[in-house]
Amino acid sequence: MLLCISASHKTAAFDLLERLSVHTTDIAPLIAEHDSCVRGAVVLATCNRFEAYVDMDEPVTAAGPVGVEAVLLAAEAATGVAASEFEGSYRVVTGPDVAEHLFAVASGLESVVVGEGEIAGQVRRALTDARRQGTTSGELERLFQRASEAQRGVKNATAIGRAGRSLVRLSLELADSRVADWADLDVLLVGTGAYAAATLAALRDHGAERITVFSPSGRAQVFAAKHGIASIDDGGYARAAASADLVITCTSVDHHVLDAALLQRGRSELSGELRRITPAGAAECPVPHAAGARRLVIDLGLPRNVDPDVVTVPGVDLLDLETVRLHAPLEELQATAEAREIVRDAAQKFALAGRRQSLAPAVVALREHAFAVLEDEIARVRARGDEDGRTEQAMRHLVGRLLHVPTSRAQDLAARGRADDYVAALGTLFGIDVGAQDSTARDAAALRDSAAVVDGVA
């Protein structure tokens, strides 16, 4: 049984999501280790959601509550967010609804900005991380792989794939009203990861030209050389932050990289430099941006990169992810209904394939039973002298014909949700106990023979 524990911008406060994003211990292994009935776990953590997808051993009594408990305790151990604090901020999705939920998430339909592009890559990376941690299962692999296919289907067939905007671009659009000419702005970019590269591209699309980069981890020079911009080191950071018209932070560090004290220190350093270069007797030059046009700090980090106290510095405004979320135009795209229909169709196909695959072990068991009987009879025929092999050939053909209908019926019954009836019939008619098979062997057989079952091969 699949289940998903989801805390997102729709159910949880931004502060809680921020705390859930801060952890040095991998959460998926903690979930998987909680109980033997947990077959696998994949954790998807982004700036606006924390979700755990768990594959539970379905026959176990109360598998759902055990899975939820596993996630809550793992999250508490890794992030410090107690289960009591989590209460009321998440929802539990189970069964067939899990696929539809993940497919919608991967397609950007559950994002702050409907259709935003980053989430598809984040879903793929969540599966990659789980593989690295050794916490995937066959069903979770199938779920996440089909999610990527559904996302591509939505992107290719609807306007969402063309119109979806990222949080970076939405943030810059919100800043547009206060910018006369982006080419005249002095922009400081703090961060050098993939998100920083996307931010730089968006800035250039808006027309920004004077861009400088700073890296708390010391990678600014490499990033700057690669992208053809200027860089600064630790010694010049405060002055650059104080003099920039726009500061954008997008790092993954778990502490503030910009606060009021740093801005004030930068202003003091700039003021000291100006006093040193001002000729004796001349009017003192004002500190840049101390008055006049206001400056903007955009914080795209989660956890927060910027201390909210920066707004206490005269002339400074702050735009963070929580503010962006409040301004997101969720109803703007007309393709949402069409995209959700594609997602629902993909989820139904996923469920149907799962039901068919669930009967693969039963069909394998029936075939093994039939061919075991056949081999016994062929041995008797050979002992009596079947020199030309015609009798053996006829017997093999007969068994193949007899197995065709039961194999086809497996598909029909699985599609109608009557897999249990099929398994029960095998037990009643032939004494085949599918449930008694070793689960590992059963899963391997299912993966090996599911294609044959789906295609109706006898």
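**Exercise 1. Is Arg178 buried, exposed or partly exposed, and what is its relative accessibility?**

Before the solution, two remarks on the model are needed. This is a predicted model, in which local features need pLDDT of at least 70 and side-chain atom pairs count only at pLDDT 80 or more, while totals for chains, interfaces and linings use all residues. Residues are numbered from 1 along each chain as its sequence is written, and side-chain values use heavy atoms, with hydrogens and water left out.

*Solution.* Begin with the cut-offs: a residue is buried under 20% relative accessible area, exposed over 50%, and partly exposed in between, with a 1.4 Å probe and protein chains only. Arg178 has 38% relative accessibility, so Arg178 counts as partly exposed.

**Exercise 2. Describe the salt bridge between Arg178 and Asp317, and say which parts of the chain it ties together.**

*Solution.* In general, side chains of opposite charge can pair when their charged atoms come close. A salt bridge here is a side-chain nitrogen of Lys or Arg within 4 Å of a carboxyl oxygen of Asp or Glu. The side chains of Arg178 and Asp317 satisfy this, with N to O at 3.0 Å. Next, locate the partners, where helices (H or I, at least four residues) and strands (E, at least two) are DSSP runs numbered from the N terminus. Arg178 lies in the loop between helix H9 (167-175) and S5, whereas Asp317 lies in strand S10 (residues 316-320), so the pair ties together parts that are 139 residues apart in sequence. Finally, Asp317 is partly exposed, with a relative accessible area of 22%.

**Exercise 3. Work out how Arg142 and Glu139 are placed in helix H7, and describe their contact.**

*Solution.* The side chains of Arg142 and Glu139 form a salt bridge, with N to O at 3.0 Å. Because Arg142 and Glu139 are three residues apart in helix H7, they are separated by about one helical turn. As for their surroundings, Arg142 is buried at a relative accessible area of 10%, whereas Glu139 is partly exposed at 24%.

**Exercise 4. Find what links Glu375 and Arg396, and place both residues in their helices.**

*Solution.* Glu375 and Arg396 form a salt bridge in which the closest N and O atoms are 3.1 Å apart. The pair links distant parts of the chain, since Glu375 is in helix H16 (residues 360-384) and Arg396 is in helix H17 (residues 390-415), 21 residues apart. Glu375 is partly exposed at 34% relative accessibility, and Arg396 is partly exposed at 31%. The structure holds 25 salt bridges, and Asp15, Glu18, Arg304 and Glu322 are linked in a network of such bridges.

**Exercise 5. Classify the ring pairs Phe86 with Tyr90 and Phe214 with Tyr237.**

*Solution.* Rings of Phe, Tyr and Trp (its six-membered ring) pair if their centres lie within 6.5 Å, and planes under 30 degrees apart count as stacked, over 60 as edge-to-face and the rest as tilted. A search of the whole structure finds five aromatic pairs. The rings of Phe86 and Tyr90 have centres 5.2 Å apart and planes at 70 degrees, so this pair is edge-to-face. The rings of Phe214 and Tyr237 have centres 3.9 Å apart and planes at 10 degrees, so this pair is stacked. Phe214 lies in strand S6 (residues 210-214) and Tyr237 in helix H12 (residues 234-243), so the pair ties together parts that are 23 residues apart in sequence. Both Phe214 and Tyr237 are buried.
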